[in-house]
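Student: I should like to understand how the descriptive terms applied to a protein model are justified. Could we go through them one at a time?

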Amino acid sequence: MKFFRLNPRLAMLAIPLAALVVAGCGGGGGDTSEATQAKKQEGPAKLTKAEFIVRGDGICGEVNSAVGSIEASEAEVSSTEQAAQVANLYTGMIERLTKLGTPTEMNGYAEFSEAAEQLAKAENEVKAAAEKEDLVALEEASNTAVPALESFQNAAAVYGFEECSEGPQAPTATPGTSAGAGTEEPGIEEEVVPEVEAEIVPEVEEEVIPEEEIVPEEEVAPETGGAGGVGEGEGEVEGGGGEESAGGGIGPG
């Protein structure tokens, strides 16, 4: 068997190359892990106090309307089922508020967060007793949940909430809408057209025009022509004869 000797010059060049390869692989892995950890530490951006209140009031407003609709409903529902529905709404509300994160302004937030946790704990006990249909445990849990809700509302008012500081209210039903659990569909109000009084036009008396009196036409005597001249001559002749008669009488005398 033949053994080959490695050239000393090639051996000296191989050692630095191997070191560079190892260093390059190790350095790349370190940079990647540091970038990943930095991203995890950053997390989502915090909400300002105003943004936190607006979103929180939106959540509380929906739950207040839903709870109010359940309490005002005339449907035949057992007390345990109704208590379970209300408890689910309140626990869901606290869960959604928690997901909003911590706001930038912490003044008063710690008290609000503590009150929210106590309310969620009390409502979970109500839910568990309602599902077991344990009326005794349900009554005890309900008695604990009532002051817990009041404390939550007071802490919410101190921080600046409006809807979260108010109790449940059933949505007002208007014509064309139906009050549902947490939903209220806007109705279309029917436009009322005012009645227009008909203008009374006075009757105009018809003017009676008197009939025109018919005047009979004057009869015109027909013209006689030459006969009229003869008559006039005859009259003159007769006059002359008289004169002659008078003269004749004088003669004999």
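The dialogue below sets values for this structure against the definitions behind the terms.

Tutor: Please keep in mind that this is a predicted model. Let us begin with the overall fold.

Student: What makes up the secondary structure of the chain?

Tutor: The chain has 6 helices and 0 strands. Read along the sequence, the pattern is α-α-α-α-α-α.

Student: How many of the residues in the chain are buried?

Tutor: Of the 253 residues, 21% are buried. The word is used for a relative accessible area under 20%. The accessible surface of the chain is about 19900 Å², and carbon and sulfur atoms contribute 55% of that area.

Student: What share of the contacts joins residues 24 or more positions apart?

Tutor: Among contacts with a separation of 6 or more, 71% are between residues 24 or more positions apart.

Student: How many salt bridges does a search of the whole structure find?

Tutor: The search finds 3 salt bridges.

Student: Why is the pair Glu105 and Lys49 called a salt bridge?

Tutor: The term requires a side-chain nitrogen of Lys or Arg within 4 Å of a carboxyl oxygen of Asp or Glu. For Glu105 and Lys49 the N to O distance is 3.8 Å, so the pair qualifies. This salt bridge links distant parts of the chain, with Glu105 in the loop between α3 and α4 and Lys49 in helix α2, 56 residues apart.

Student: Why are Glu105 and Lys49 described as they are in terms of exposure?

Tutor: Partly exposed is the class between the 20% limit for buried and the 50% limit for exposed. Glu105 has a relative accessible area of 36%, and is therefore partly exposed. Lys49, at 24%, is likewise partly exposed.

Student: What makes Glu62 and Arg96 a salt bridge?

Tutor: The side chains of Glu62 and Arg96 are 3.4 Å apart, N to O, and the limit is 4 Å, so the term applies. Glu62 lies in helix α2 and Arg96 in helix α3, 34 residues apart, and the pair links distant parts of the chain. Glu62 has a relative accessible area of 41% and is partly exposed; Arg96, with 38% relative accessibility, is also partly exposed.

Student: How do you know that Lys99 and Glu95 form a salt bridge, and where do they lie?

Tutor: The N to O distance between the side chains of Lys99 and Glu95 is 3.9 Å. Since the criterion is within 4 Å, the pair is counted. Both residues lie in helix α3, 4 residues apart, which is about one turn of the helix.

Student: Why does Lys99 count as exposed, and how is Glu95 classed?

Tutor: Exposed means over 50% relative accessible area. Lys99 reaches 66%, so it is exposed. Glu95 stands at 48%, below that limit and above 20%, and is therefore partly exposed.

Student: What is notable about phi of Glu133, and where is this residue found?

Tutor: Phi of Glu133 is near 60°, a positive value in a residue other than glycine. Glu133 is found in the loop between α4 and α5. Its relative accessible area is 59%, over the 50% limit, so Glu133 is exposed.

Student: What makes an empty space in the structure a cavity?

Tutor: A cavity is space where a 1.4 Å probe fits but cannot get out. The structure holds 1 cavity of 30 Å³ or more. About 40 Å³ of space lies in the largest cavity.

Student: Which residues and helices line the largest cavity?

Tutor: The lining includes Cys60, Asn64, Tyr90, Met93 and Phe152. Helices α2, α3 and α5 each supply at least two residues, and α5 gives the largest share, 3 residues. By class, the lining has 6 nonpolar, 2 polar and 2 charged residues.

Student: What lines the largest pocket?

Tutor: The largest pocket holds about 270 Å³ of space. Its lining has 14 residues, and Glu71, Val86, Tyr90, Glu123 and Val146 lie nearest its centre. Two or more lining residues come from each of α2, α3, α4 and α5, with the largest share, 5 residues, from α3. The lining divides into 9 nonpolar, 3 polar and 2 charged residues.

Key: Residues numbered from 1 in each chain as written. Predicted model: local features only at pLDDT ≥ 70, side-chain atom pairs only at ≥ 80, totals over all residues. Heavy atoms only, no water. 1 Å grid on protein atoms, 1.4 Å probe; cavity = no way out; pocket = protein on both sides within 12 Å on 5 of 7 lines; lining within 4 Å. Points joined across faces, edges and corners; volume = space filled by probe spheres on them. Nonpolar A, V, L, I, M, F, W, Y, C, P; charged D, E, K, R; others polar. Buried < 20%, exposed > 50% of the residue type's maximum accessible area, 1.4 Å probe, protein only. Contact = heavy atoms within 4.5 Å. Areas by Shrake-Rupley, 256 points an atom, 1.4 Å probe, with all protein chains shown as cover.
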